[in-house]
Amino acid sequence: MALLCTKLSMFWCLIALTAHVIKGERKAKLTEEDEACDSQQNTISLRSSKTSSSSSGPEPGDPAAAFTVRTLDGEFAFKPGALQGPVIIHAFTNKSGFLECMWSSESSLTSLVQDLPESTQVLFLSLDDSAVTDALWMREQLQRVALHSGKKEVLSRLHFSPLPVFTLGNWIPSVLYYWGCSSRSCVLTQAVFTSEGWNLPIIIKRLDARYDWLMTKWGPKSHQLVDADDGCDPSPAVAGAVAWVSEGNCSFFTKVENMAKSNASGVLVYALPGNPLQDMNCVGDDCNTTLNIPASMVHLEPSVAQALQSGQLVYVTFQITPSPSFFLSIDQQGALAEMGWFLYPSFSFINWQAQWFDFYADLQTKLQKPAKVISVFDKVLMQGEKGAVATVDLPLGLLDYDLLELDASLSCPGRRDSTCAHWDHTVQLFVCCDHTGPYCNTELGRWITAFRRGIGRWLTDVSPLRPLLDSNKCTLTMKTVPWAMPWFVSLNLRFSVSNQTASGNFTDDGDEEKLNPFRVMPLYSGGTFDKNYNKRFKPIKFSVPMSTKKVELYAIITAHGSDDNSCGEFCVTSHHFLFNAYYNNTLLFDSAGSPLGCAMRVKEGAVPNEHGTWLYGRGGWCDGLQVDPWRLDITEQLDISGSESNTVVYFGLFNGTDPNPSKDPGYIIMSSFLVFYK
């Protein structure tokens, strides 16, 4: 990136532009609340102006062409092939309640200033005629927060253009409009008011309550609008109508709950004069109460308020107007990329996508390291009972390598996220090299699909399971639940050399002794997580093979389902392997149910900005991420002389006790082993 225009010439550019720009709408003042405004999704992508003959427009993965954009501080330039980090482009419009909230929430602005990765540049644009005032206002908002947060250095990576998008003269407008948007976070959600005697309807922007709190949507039906004061008390008059309530004096939850008890069809909360639209959300235990009516926030419209005060009948309907995309990006490789779905209006979603770009760039570096690569699947359809199946030949000399990694990725039928499978499902990889042997159809790896995003790629170390590859020809099966929508899987086995299995022991020559796994002993699998769960597991007696120098516990455990305690997906469970009735080894899923448990793992490869509640912590897994094996060196806990037997028993607990759900028990998926090294 380069600043090519002097500040003096930029000053005259702004004067000339201002003479031709319509005055922008007054911006709402900053709110001190931590609520980041309601949201849903943002799906974007961009590409170069050079399109392939098979495509009618830019698609994700296409190379981004060079461009320059005039900014308040000079000129922002992108050049393909230059050493640079990701570029995120955000197009603002004051017609969006979602964006108004994102830009007026203190917590949203602070997240961008404090957490934007150092590798990332952000270019801010405006879709409106008020681009000059929009650019100045956006810069002022972020400058103020950056100075207050002691993060002034981030401002050098934030660029604000005073030119409306439709005047840029490059490929960016075509991408924004070609991609468009159909999700609630980047369409224009609006409330339409009508009343007898009005010549025209009054149409204003609205911001729907957060998706993961109130999932009921507005329908096409027209409703009478009835004033219910501040909504902090029930109001029988709103039965069958949409309640018109002011913000303040009680929580959003209290307002919606009272109106639901009053049999209202929905709730419109209006902001007090001068206040911005806010994220309507529940807090704490209130979120455990299900409310089945829709709610939105709008600005106070004087004509509507006056009509209601005079006793005039007012009716409201709800509409969604398509818009261009508000977000798109270019990754480190110079390829156009979508930004996914924003659950609520916060710049955190920009940060998470940028973090994932950094993860992926680092992954590409790791994949350049020397390795013997065995291709198993290359965008093979995975669907139905069979899944994806391939038989591969393993070359001689694999014993020379001590590191086995699974390079796996999931892609969608099309290049857009909109073509990707719904819901999150478990994907398992099974291997069988000797159809008569004890290891046939043992699980080698596990992943969880992303919810309608097709960018996932992961590198998983499964080196302790190398003894499963006990023949020169192996069949590998990758599958998910048979009713899942289709995915296209790619998988490489990567064999390489590392020192990860060094023992800490030394040979007579003083060299550190490198140990290799030679035997894998299956232990326990999971099952239904109910009152009988632990009754299934009996102690296992075993002896350590002669010549063993190290023993490792290796387990892949994930918790799923939702009973009356939200187990096992969103409850805290613990998994215990007790050796010799003394050594208790515990795996605790303590982030399950936490608001940002999986968002915090984007840096590890969790796919960001999926549909649904991908951010929440889960029981040993995240949407769009590999399941990392749990590995423990338990050598000191065992008698490894071979003359005495050892015992192990497994049990799983919910909040420290045996599970005992009253309905709909969840389940545990588990593969566990002892791995012996020599």
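**Loops, strands and helix packing**

Q: In which loop does Asn655 lie?
A: In this predicted model, Asn655 is exposed, with a relative accessible area of 56%. Phi of Asn655 is positive, near 50°, and the residue is not a glycine. Asn655 lies in the loop between strand 32 (646-654) and strand 33 (666-677).

Q: What is the phi of Lys379, which is not a glycine?
A: Most residues other than glycine have a negative phi. Lys379 is placed in strand 15 (residues 372-382), and at 57% relative accessibility it counts as exposed because the cut-off for that class is over 50%. Although Lys379 is not a glycine, its phi is positive, at about 55°.

Q: Which strands stand at the edges, each with a single partner strand, in the sheet that includes strand 15?
A: Strand 15 belongs to an open sheet of 4 strands in the order 15-22-17-20, and the pairing is antiparallel. Each edge strand has a single partner, so one side of each is left without a neighbour in the sheet, and the two edge strands are strand 15 and strand 20 (457-461).

Q: Which residue in strand 22 stands opposite Val380?
A: Strand 15 and strand 22 (residues 487-496) run antiparallel and are joined by 8 bridges. In strand 22, the residue that stands opposite Val380 is Val489.

Q: What angle does the direction of helix 8 make with that of strand 20?
A: The sheet with the order 15-22-17-20 has a twist that averages 15° from one strand to the next. Helix 8 packs on this sheet and touches strand 17 (403-411), strand 20 and strand 22, and the angle between the directions of helix 8 and strand 20 is about 55°.

Q: Are helix 3 and helix 8 roughly parallel or perpendicular to each other?
A: Helix 3 and helix 8 (residues 348-367) pack with their axes 8 Å apart, at an angle of about 25°. Ser111, Leu112 and Asp115 in helix 3 meet Ser348, Ile350, Asn351 and Gln355 in helix 8, a contact that by class has 2 nonpolar, 4 polar and 1 charged residues. Because angles under 35 degrees count as roughly parallel, helix 3 and helix 8 are described as roughly parallel.

Q: At what angle do helix 3 and helix 4 pack?
A: Helix 3 (residues 106-115) and helix 4 (residues 131-149) have their axes 9 Å apart, and they pack at an angle of about 70°. That makes helix 3 roughly perpendicular to helix 4, and the crossing of helix 3 and helix 4 is right-handed. The angle asked for is therefore the one that underlies the perpendicular description, about 70°.

Q: How many residues of the contact of helix 3 with helix 4 are nonpolar?
A: Helix 3 and helix 4 pack with their axes 9 Å apart. Helix 3 contributes Glu106, Leu109, Thr110, Leu112, Val113 and Gln114 to the contact, while helix 4 contributes Gln141, Leu142, Arg144, Val145, Ala146 and Ser149. By class, the residues of this contact include 2 charged and 4 polar, and the number that are nonpolar is 6.

Q: How many of the 6 residues of strand 3 are buried?
A: On one side of strand 3 Val87, Ile89 and Ala91 are buried, and on the other side Ile88, His90 and Phe92 are buried, which leaves both faces covered. Strand 3 (residues 87-92) is largely enclosed by the rest of the structure, because the number of its 6 residues that are buried is 6.

Q: Which residue of strand 13 stands opposite Ile88?
A: Strand 3 is joined to strand 4 (residues 121-126), which runs parallel to it, by 6 bridges, and in strand 4 the bridge partner of Ile89 is Leu123. Strand 3 also pairs with strand 13 (residues 327-330), in the antiparallel sense and over 4 bridges. In strand 13, the residue that stands opposite Ile88 is Ser329.

Q: Which residue in strand 31 does Leu553 stand opposite?
A: An open sheet of 4 strands has the order 25-33-27-31, with antiparallel pairing, and its edge strands are strand 25 (517-529) and strand 31 (630-633). Strand 27 (residues 550-560) and strand 31 run antiparallel and are joined by 4 bridges. In strand 31, Leu553 stands opposite Leu632.

Terms used. Residues numbered from 1 in each chain as written. Predicted model: local features only at pLDDT ≥ 70, side-chain atom pairs only at ≥ 80, totals over all residues. Heavy atoms only, no water. Axes fitted to C-alpha atoms, helices over the stretch in contact; angles between N-to-C directions. Parallel < 35°, antiparallel > 145°, perpendicular 65-115°, else oblique. Left-handed = near helix turned anticlockwise from the far one by under 90°. Contact = heavy atoms within 4.5 Å. Nonpolar A, V, L, I, M, F, W, Y, C, P; charged D, E, K, R; others polar. Pairing = 2+ DSSP bridges. Buried < 20%, exposed > 50% of the residue type's maximum accessible area, 1.4 Å probe, protein only.
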